[in-house]
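Subject: A structure for you to look through

Dear colleague,

I am handing over a structure that I would like you to look through at your own pace. Please open it first, and then read the notes below beside it.

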Amino acid sequence: MTTRTSRRALPAAVAALATTALLAGCTSGSGGRAAPTTAAATSATSAAAPGTTASPTPTAKPTGAADPALKTFYGQQLAWAPCPKDPQNEADTSALQCASLKVPLDYTAPATGTLDVAVVRNPATKADQRIGSLLLNPGGPGGSGVQMVTYSPKDFDGPVHDRYDIVGFDPRGVAGTSPLKCLDDQARDGWLNTDAPGDDHGKQLADACQAKYAQVLPFVGTRNTARDMDVLRAALGDQKLSYLGMSYGTYLGSLYAEEFPDRVGRLVLDGATSPSFSLVQHNIEQSAGFERALKAFAADCVTKNPCPLGTDAARAPQKLADFLDGLKDKPLKTSKGRTLTSSAAWTGVLTRLYGGEKAWSGLRNALGWAMVRDKGDDLLTLADGYNGRDKDGRYSESADAYTAIHCADGATDAPVGEQLQAALTDLAAKAPLVSKHDPLSSLFDPDCRIWPFRATEKPHAIKSTAAAPIVVVGTTGDPATPYAWAEKLTAELGNAVLLTRDGEGHTAYGASKCVRASVDAFLLDGTVPTAGTRCPTD
């Protein structure tokens with residue numbers, strides 16, 4: 001996530017369940033919750049000196065609930081209490097309950113420190129028919145499950161909420177769970193929106209994170225979050241895990257199935273990623289997905305009146321890219337004195353492509369104001385929502401969590417020399433429009449090349465031995481997680497079935513009544529969709 005041509009997977013709760021209203025809401029920080037105070041987080045914030053490197057020595061693989069060293073964590077009971085009011089949001093939280101889950105900082109050395117994981121639940125509305133808990137992850141990495149449940153309580157109304165407690169939690173480094181905020185708001189404004197990132201652009205963030213969070217950074221990876229999720233499962237009293245993960249949340253669910261196959265209940269992975277890709281490969285394919293979506297939007301735009309891209313379908317995509325790239329030399333001023341850079345404008349455009357056809361009219365309008373009237377306010381507002389910037393200029397922690405989690409997940413190896421040139425050639429061939437602005441930033445998003453420690457996690461195909469089937473959901477026109485990834489993950493998992501939505505946009509559960517009905521039937525009754533099932537977009 002070097003410049004804001006970033007193609008990171010926007011939390012799917014934003015992109016699919018509430019395309020417009022929640023665009024900024026799900027990335028708006030801790031939602032009024034104070035970050036839990038932990039010994040590990042406190043020491044990482046105050047005691048780490050610049051230049052030190054935290055490098056835990058790998059030990060034996062933790063064995064979950066069977067590990068005597070983890071008995072206390074697995075045996076804890078959650079102290080549920082009313083959730084605190086958020087002065088920045090008027091959401092009705094009266095039905096919600098909040099708690100804190102204690103987990104080891106390092107599962108291979110549980111005695112060295114702990115973290116407190118923020119948890120929220122919306123209890124089942126028909127307690128006498130309750131099945132258990134349904135855990136959610138909205139994506140990112142960096143999306144807040146607590147905010148997903150808190151600010152989107154009606155998104156799961158109906159049979160699923162009747163019989164499940166809807167449970168959200170914040171992964172390590174996110175919002176209410178030892179949040180990472182490495183740059184102050186003023187520095188982040190420049191860091192995100194610059195059209196001229198220097199050679200030390202990635203190092204600026206890495207050094208700031210190292211200075212504040214050296215002791216935590218090695219432990220925020222997805223495998224540790226999957227282990228936290230199993231501790232949470234036990235604390236909730238569930239023998240098996242029922243889970244709906246979107247976008248990056250499919251990687252979290254996949255790792256859980258690999259780590260705890262005997263605890264897999266009803267897992268749904270919507271907007272699938274394939275863990276077998278390197279980050280560079282992932283970014284090339286994702287850029288290609290946005291390239292295709294950009295062309296689909298442009299083809300639709302020229303059939304509407306007015307369309308700022310003209311009437312020539314063949315030239316419209318290039319006209320849009322030329323305008324956005326041209327903002328490098330001629331940025332637009334906004335009514336509040338800020339500047340719409342090329343980087344920010346690209347972010348605003350790509351953000352709307354997450355929402356599919358339903359978001360295209362809004363994108364057309366925003367482009368009209370910018371391209372015809374030289375007013376960049378609307379595009380900058382879209383970029384701000386993606387970046388987690390509120391109207392007062394304060395940023396959420398999601399951006400730094402995104403980088404830290406990716407780097408902890410093994411994205412520290414990067415091509416150099418001839419391999420780098422080959423990657424750049426591949427990128428230019430597959431995504432010439434969306435990558436031209438800054439090809440290196442498209443490849444290294446986020447930039448883990450100079451991260452302060454080397455992760456032990458490596459890309460690999462996950463082969464789950466779980467007896468329970470897993471439902472993978474893919475959308476044919478998904479720009480952020482291309483459909484081929486859903487096909488690939490289904491094959492890699494083994495005991496999995498692919499449910500397909502035909503259409504545009506990121507993730508499917510909130511975009512298709514057919515998909516929702518199939519997923520709900522699986523969650524409620526264990527009815528596995530028939531292989532080859534295809535659903536339209538509503």
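Where does Pro 446 lie? Pro 446 sits in the loop between H18 and strand E10 (470–477), and a cis peptide bond with omega of about 5° joins Asp 445 to Pro 446. Helices (H or I, at least four residues) and strands (E, at least two) are DSSP runs, numbered from the N terminus.

Before going further, please keep in mind that this is a predicted model, in which local features need pLDDT of at least 70 and side-chain atom pairs count only at pLDDT 80 or more, while totals for chains, interfaces and linings use all residues. Residues are numbered from 1 along each chain as its sequence is written, and side-chain values use heavy atoms, with hydrogens and water left out.

**The chain as a whole**

The secondary structure of the chain comes to 20 helices and twelve strands. Of its 538 residues, 62% count as buried, where buried means under 20% relative accessible area, exposed means over 50%, and partly exposed is in between (1.4 Å probe, protein chains only). Among contacts (heavy atoms within 4.5 Å) between residues at least 6 apart in sequence, 78% join residues at least 24 apart.

**The sheet**

Ten strands form an open sheet with mixed pairing, in the order E1-E2-E3-E5-E4-E6-E7-E10-E11-E12. Its edge strands are E1 (81–82) and E12 (534–536), each of which pairs on one side only; two strands pair if DSSP finds at least two bridges between them. Strands of a sheet pair through backbone hydrogen bonds, either parallel or antiparallel.

Strand E6 (residues 241–246) is a good place to begin, and six of its six residues are buried. In a regular strand the side chains alternate between the two faces of the sheet. In E6, Leu 241, Tyr 243 and Gly 245 point one way, whereas Ser 242, Leu 244 and Met 246 point the other way. E6 pairs in the parallel sense with strand E4 (residues 132–137) over four bridges, and Leu 135 has Tyr 243 as its bridge partner in E6. E6 also pairs in the parallel sense with E7, over five bridges, and there the bridge partner of Met 246 is Asp 270. Towards one edge of the sheet, strand E11 (residues 496–504) and E12 pair in the parallel sense over three bridges, with Arg 501 opposite Cys 535 in E12.

**Two serines**

Ser 274 lies in the loop between strand E7 (264–270) and helix H10 (279–301), and it counts as buried because its relative accessibility is 4%. Leaving out residues up to four places away in sequence, Ser 274 touches Trp 485, Lys 488 and Glu 492. Ser 274 and Pro 482 are 208 residues apart in sequence, yet their C-alpha atoms are 10.0 Å apart in space. The side chains of Ser 274 and Ser 276 are joined by a polar contact of 2.8 Å; such a contact is a pair of N or O atoms within 3.5 Å, where, within protein, one must be able to donate a hydrogen and the other to accept it, and residues adjacent in sequence count only if both atoms are side-chain atoms.

The second serine, Ser 441, is in helix H18 (residues 439–443), and it counts as buried because its relative accessibility is 7%. A polar contact of 2.9 Å joins the side chains of Ser 441 and Asp 438.

**Helix H6**

Helix H6 (residues 185–193) has Arg 188, Trp 191, Leu 192 and Asn 193 as its buried residues, and what covers them includes helices H7 (201–213), H12 (342–353), H14 (377–387) and H15 (398–408). At the N-terminal end of H6, Asp 184 acts as a cap, with a side-chain oxygen 3.2 Å from the backbone nitrogen of Gln 186.

**Backbone details to check**

A cis peptide bond also runs from Gly 140 to Pro 141, with omega near 0°, and Pro 141 is in the loop between E4 and helix H4 (145–151). Ala 175 has a positive phi of about 50° although it is not a glycine; Ala 175 is in the loop between strand E5 (164–169) and H6. Asp 374, likewise not a glycine, has a positive phi of about 60°, and is found in the loop between helix H13 (360–371) and H14.

With best wishes
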